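The following exchange considers how terms used for a protein structure are justified. Each answer sets a computed value against its criterion.

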Amino acid sequence: MTTAIHKAPAAAWNPDPVREVAERLKGLDGPLLPILHAINEQFGYVDERALPIIADMLNLTRAEVQGVVSFYHDFRRAPAGRHVVKVCRAEACQSMGAERLIGELEKSFGVTLGETSTDGRVTLEAVYCLGNCALSPAALIDGKLFGRLDAAKAQAQVSK
Amino acid sequence: MTQLIYVPDDAAALSVGAEDVAQAIAAEIARRGLDAKLIRTGSRGLLWLEPLVEFASPKGRIGYGSVNVADVPALFEDPAHSGSLGLVEEIPYLKNQQRLTFARCGITDPLSLQEYESHGGLKGLRRALEMTGTDIIEQVVDSGLRGRGGAGFPTGIKWRTVAAAMAEQKYIVCNADEGDSGTFADRMLMEGDPFLLIEGMIIAGIAVGATKGFVYIRSEYPHAIAKMNRAIAIAREDGVLGSAVLGGGKCFDMEIRIGAGAYICGEETSLLESLEGRRGQVRPKPPLPAIEGLFGKPTVINNVLSLAAVPTILAEGAAFYRDFGMGRSRGTMPVQLAGNVRRGGLIERAFGLSLREIIEEYGGGTASGRPVRAVQVGGPLGSYWPSHLFDTPFDYETFAEKSGMIGHGGVVVFDDTVNMAKQARFALEFCAIESCGKCTPCRIGSTRGAETLDKIMQGENVAGNTALVRDLCEVLRDGSLCALGGLTPMPVLSALDHFPEDFAGKTLAAAE
Ligand SMILES: Cc1cc2nc3c(=O)[nH]c(=O)nc-3n(C[C@H](O)[C@H](O)[C@H](O)COP(=O)(O)O)c2cc1C
Ligand code: SF4
Ligand code: FES
């Protein structure tokens, strides 16, 4: 989920929490997305090695699980930076200068949209609407929603 | 008497500092030792005024707009003067609305079932519990309610199909994927009056014989997800949900499911795939979800606003609801005014309001102070409108006649610095990013289209490339399984048709 915040480097790989999560949620109707969300949140991403475990526990093929993980923008394949800035580049935010803001953020974080800075400090990503379109431009910074955002405010938030 | 003070706990209000303001108010109350109580509400939808703080008074609630932490002490020193907006209910933007669905939003504590009831909540459900399923459905049909998610299909007719289907299990699925840029009404409602959606879903369940509901909420809405989860827990605890709805013989329960960042999952069959734990790929219709929906069972799938309109229809009667509106667009529409606009927010009015009234009278023109050049209505698949069409009334049929759609009711304003060729390019880029991958024109043609627009913007064979884009739009329209590919031509062609000067090949240089 978008609320995942990862201050510490991702914990070393350990299959046990994956099994625990899958065990706990597999009784739901349609359990795969809830399981992937829980893992994405707990680890900060969905590790390759989690896929066969989940597949096995849900009686799916590994390819099926892989296909689901790759379909959805939320599921990360690698850990994110310590701060995640998801900036809206949909139409309402465009009308209030989202493209300019993205350019400024790229500069001030030293990163290209869609990537993590080399020091692992910030991941900058595009999203398409956060439901804050009357207070554009908007972004989610470490899971917190901001409206009427400018580069200085975003920088201050990430420096906290 | 205890002084009541209200601060919204709505994601938009929080995004501009409402939490800090609420904390400062709590601290000020403590510091002054006042007999005062802070209540967190949803938002009134006067979003340009957020954080909007309200003080109860014998005449009504007095509002203070755009409050920041530094303003807080002054609110207590001279409540009558310091930046007061006067009575909130008298602010023209709000006073000139017809709030049926959003009647309580911003007024009550969203998680107080007691307040919900004392402000008219559960009346519709109580009526429904005394009626047959068929009678409930006929009320909804008679009200004229049409789907607020985009397609505008009559809600009652859909329910009839599900009611008539024979199955031991049926489902109610609420579509809260709200992916359209410029829209936020579903979010505001789930955060500001979640019991209304719950009530609407229970009524739908009773009407068609479904005992289980799911709300599919996009992951971009963490605050709404949290509120809905808490509201469901409270409703369960108080016997509104569960094996004996309001102590009677009906049973209904529901849960929240979270999307994973895919616009296409707002399309109903893709949403069902996603709920079942698969890639959100669109299913061919038939079979209709009403006959073979979630887990192959008959399923009602409706937008948040469609379901949230139902309690009012049951409580006040079909005729009451139907009396609002024009033509075949009955009832009220929560219009969401967004983008480059001075007063953005939620405007719930009977159908028939003109775009000009929305943009000028409510919106007050652009935020930048420059002239309005274009508005996009109905989300990323909706048309761009030029100012000479602003007298068009908000009505499904009139919009369709002018090659537009009202969709989920989003209106996004652009000033005269907008480059419409870029907007057309973005529509195609968005289609490429969000395509589920089933149809070739949508998956690949969209990227070709974006590249062709780049060429046009660079002045390369403008006439030939423009013809190519138009051809591609035809292919998209005719060769797509769903409206993502099928309607992407709307923003592209409307930009081309209404703003041809931006496609003359020099726009890039001119804008930069
Ligand atoms: C690409 C695409 C995205 C959609 N997104 C949404 C959405 O976010 N919310 C919604 O309620 N309907 C959305 N719809 C419409 C749904 O397919 C469906 O018509 C709607 O959920 C039915 O509910 P209603 O009759 O109450 O409107 C979308 C359709 C398409 C083609
Ligand atoms: S039009 Fe696009 S999104 Fe719709 S089914 Fe085809 S490929 Fe999928
Ligand atoms: S378009 Fe950016 S928040 Fe909706």
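The questions below concern a predicted model.

Q: Why is the meeting of R89(A) and E429(B) called a salt bridge?
A: The term requires a side-chain nitrogen of Lys or Arg within 4 Å of a carboxyl oxygen of Asp or Glu. The N to O distance for the side chains of R89(A) and E429(B) is 2.8 Å, so the pair satisfies the criterion. Across the interface of chain A and chain B, the rule finds two salt bridges.

Q: What makes up the side of chain A that touches chain B?
A: Its residues comprise 20 nonpolar, 13 polar and five charged. They are among the 38 residues of chain A in contact with 60 residues of chain B, where contact means heavy atoms within 4.5 Å.

Q: How large is the area buried between chain A and chain B, and which atoms give 58% of it?
A: The buried area is about 3,700 Å², and carbon and sulfur atoms give 58% of it. On the side of chain A, F71(A), E91(A) and Y128(A) supply 18% of what that chain buries against chain B, more than any other three residues.

Q: Why are strand 7 and strand 8 of chain B said to pair?
A: Pairing requires at least two bridges between two strands. Strand 7 (residues 212–217) and strand 8 of chain B have six bridges in the parallel sense, so they qualify as a pair. One bridge partner in strand 8 is I256(B), opposite V215(B).

Q: Which order do the strands of the open sheet in chain B follow, and why do strand 8 and strand 9 stand at the edges?
A: The order of the four strands is 8-7-6-9, with parallel pairing. Strand 8 (253–258) and strand 9 (299–303) of chain B each have a single partner strand, so one side of each lacks a neighbour in the sheet.

Definitions and conventions
Residues are numbered from 1 along each chain as its sequence is written. Chains are lettered from A and ligands numbered from 1 in the order in which they are written. This is a predicted model: local features need pLDDT of at least 70, side-chain atom pairs count only at pLDDT 80 or more; totals for chains, interfaces and linings use all residues. Side-chain values use heavy atoms; hydrogens and water are left out. Buried area is the accessible area (1.4 Å probe) that two parts lose on being put together, summed over both. Ala, Val, Leu, Ile, Met, Phe, Trp, Tyr, Cys and Pro count as nonpolar, Asp, Glu, Lys and Arg as charged, and the others, Gly among them, as polar. Helices (H or I, at least four residues) and strands (E, at least two) are DSSP runs, numbered from the N terminus.
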